[in-house]
Amino acid sequence: MTETQGELASLSKYIFRAPRWYSSVALSLVIAALAGVAAFDSQYVLADAWQGVFFIGVPTAVASMATTTVDRYFGGQLTYNRSSLLAVACEIVVVTVLVAAGVAAILTPRLSQNFVFDALIAALALVFAVRFLVVLAVSRNTLAVSVLPASIQTATAGVLLFVYGGTLNYVTSGGGSLLGAFLARPSHAPPEIQYAFAPRDFLLLVAMTALYGSVAYGFVVVIDRPWQRSLGVSVLDFIGGFIGHIAEGTRELEDFFEQIGEEAVVPVTVLSFRRTSDETEKARFVLPMIHPGPMGEIGGGNLPQRVADATDGLAFPPHATAGHDFNLVTEREVDTLVDAAADAHDRITYTDTATAPVRATDGEATLFGQAFDDDAFLVSTYAPNFADDISYAVGLSAAAEARVAGLETVLLADAHNCNNGLDGDDLGHIYPGSERSFQLIQAAGSAARDLADAPEHALRMGVAWDPTDWQPCDGIGPLGVRVAVVETGTTRTAYVLIDGNNMEPGLRERLLDAVGGLGIDHAEVMTTDTHIVNTVESSNQVGAAIDWGALTDVVVALTEAATDDLDPVEAGVATERAEVTVFGNDRTETLASHANAVIAMGGAVAGLAVLATVTISVLVFFLT
């Protein structure tokens, strides 16, 4: 992850799940009742609360239900949960504006009750603008169609004010006519709003609504232009998909990613261990050379679990040497990788011997692994220094260097086991041309030369797995913790794989120390880089939310169980290539840069728009 991507990822602290629609409606009625008690002054508190529910809560409830109905009639995508949450948010806007206006009227004698009513008109117009932006972003309907569901809350409130404010009596006596019975009911309203709204007030409401809506649309046009020019997509597509994902876990964001994706050919490498007694598979290391992102279960975010579900033996899906440019655009692409892994597995040639592990270090880069005949499993780490994703090109170069040095097929995994999250200017990305990229390539060559000359011994293996009680919010995915112990001759090696996204500094060393006291000669700790743990937190590393001692106990217990499970096995490695659609070169960086620019510049543009709108509003109020 680059610094630009990190800045965008840090916004995930604002992510939340939309509550169920009935919870939002219930909350809106409570807020309306409290506002009624504060605003009205009858003899009974319950009567005040009821008036608040009627005049403030009813428009919210109507908008909660009717917005989705109208929006979907025209092919929109708003759900009841989203429309209810939007209606509650707009209700809070109205209440906040009225409270502020009421306080200002009390503190400033020159301001009359009409000032509060003018503020209400402005608030209802602002509600339309907010709803218009959200409906436009989520449903992606035409401008004219988006106006209809967006106007429901403002229009409902306007109708209630027209009927119970006695507006009809300004133009007609009403009397006992049928028209007056339904459209003129000021006697049923609190004294505070009886005959408070003249026809010109509603003309003003229409004008203000049009003004605020135009400003909102102009704001969208301004911030959308860079997206259209460089990416060929609208920022509203991104916002709508992002809202759908964070609010309700939908896959609308994948539709956006498909628009910007590029075709790529990626290696899918499989290292399989099978029992020599009956040739049943005991464990399978599967490494598609993609990045398991971008977040949650979007794209390849849950790739490790999908790989594990398609494996006969115990699955070990470590992190590949690939960054966010190689995120899959949709979850459907995972099927292609799973099929490629199955094809690679079918082509494996097995051997019953392996070398002892070697460890080669160059600068900050360390390569650890062992060979199985002419093939090898290598794990890279920069610990105890911080590192994040290794670029796809760097990984390919390192694997090529290992093949030049004497190996045939190489499964090169990124241990992804030490980083400081999103802190600092350098987030640890290993990119082509950097000093650390050359260190990795040179270390791969050294390790391969050592393995090519190393003697091989009889091979035994044991595995153990604990899904654990930890959840993604704790930084641990559904695969939990897995340990494989490989014995070659008298040397035992432990590979610890934790289903998480990177690791807190120092935790790897603590786990290695604990495993070293169990008769293990060599060990390495890896994470899968699953992004299912990043639905709510952009940086939710292993060890940040859970007790280190508890995790150490789990790893120790699994290592002991895997040692007890040692069986004679055969091993082999094979690679298959798969064609998938990924974010593409520089697309992730461009997307992150544009999103950050919208956030930075959008605030300034929005501020200028609000200032201009308020100025015009004040002039309109004074001139009408």
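**Close-up views of a predicted model**

**View 1. Thr530 in its loop.** Thr530 is buried (under 20% relative accessible area with a 1.4 Å probe, protein chains only; exposed is over 50%, partly exposed in between), with a relative accessible area of 0%. This is a predicted model, in which local features need pLDDT of at least 70 and side-chain atom pairs count only at pLDDT 80 or more, while totals for chains, interfaces and linings use all residues. Residues are numbered from 1 along each chain as its sequence is written, and side-chain values use heavy atoms, leaving out hydrogens and water. Thr530 sits in the loop between strand 13 (522–527) and helix 17 (548–564); helices (H or I, at least four residues) and strands (E, at least two) are DSSP runs, numbered from the N terminus. A polar atom of the Thr530 side chain lies 3.3 Å from the backbone nitrogen of Ile532.

**View 2. An open sheet of 5 strands.** Follow the order 4-9-8-7-6, and you will meet mixed pairing; two strands pair if DSSP finds at least two bridges between them. At the edges stand strand 4 (319–320) and strand 6 (358–362), each with a single partner strand, so one side of each has no neighbour in the sheet.

**View 3. Strands 7 and 8 side by side.** Strand 7 (residues 365–372) and strand 8 (residues 375–381) run antiparallel and are joined by 7 bridges. Look for Phe372, which stands opposite Asp375 in strand 8.

**View 4. Helix 14 across the sheet strands.** Helix 14 (residues 392–404) lies across strand 8 and strand 9 (410–414). Its direction is at about 140 degrees to strand 9, with axes fitted to C-alpha atoms, for helices over the stretch in contact (heavy atoms within 4.5 Å), and angles running from 0 to 180 degrees between N-to-C directions.

Methods:
Polar contact = N/O pair within 3.5 Å; in protein donor to acceptor, adjacent residues only side chain to side chain.
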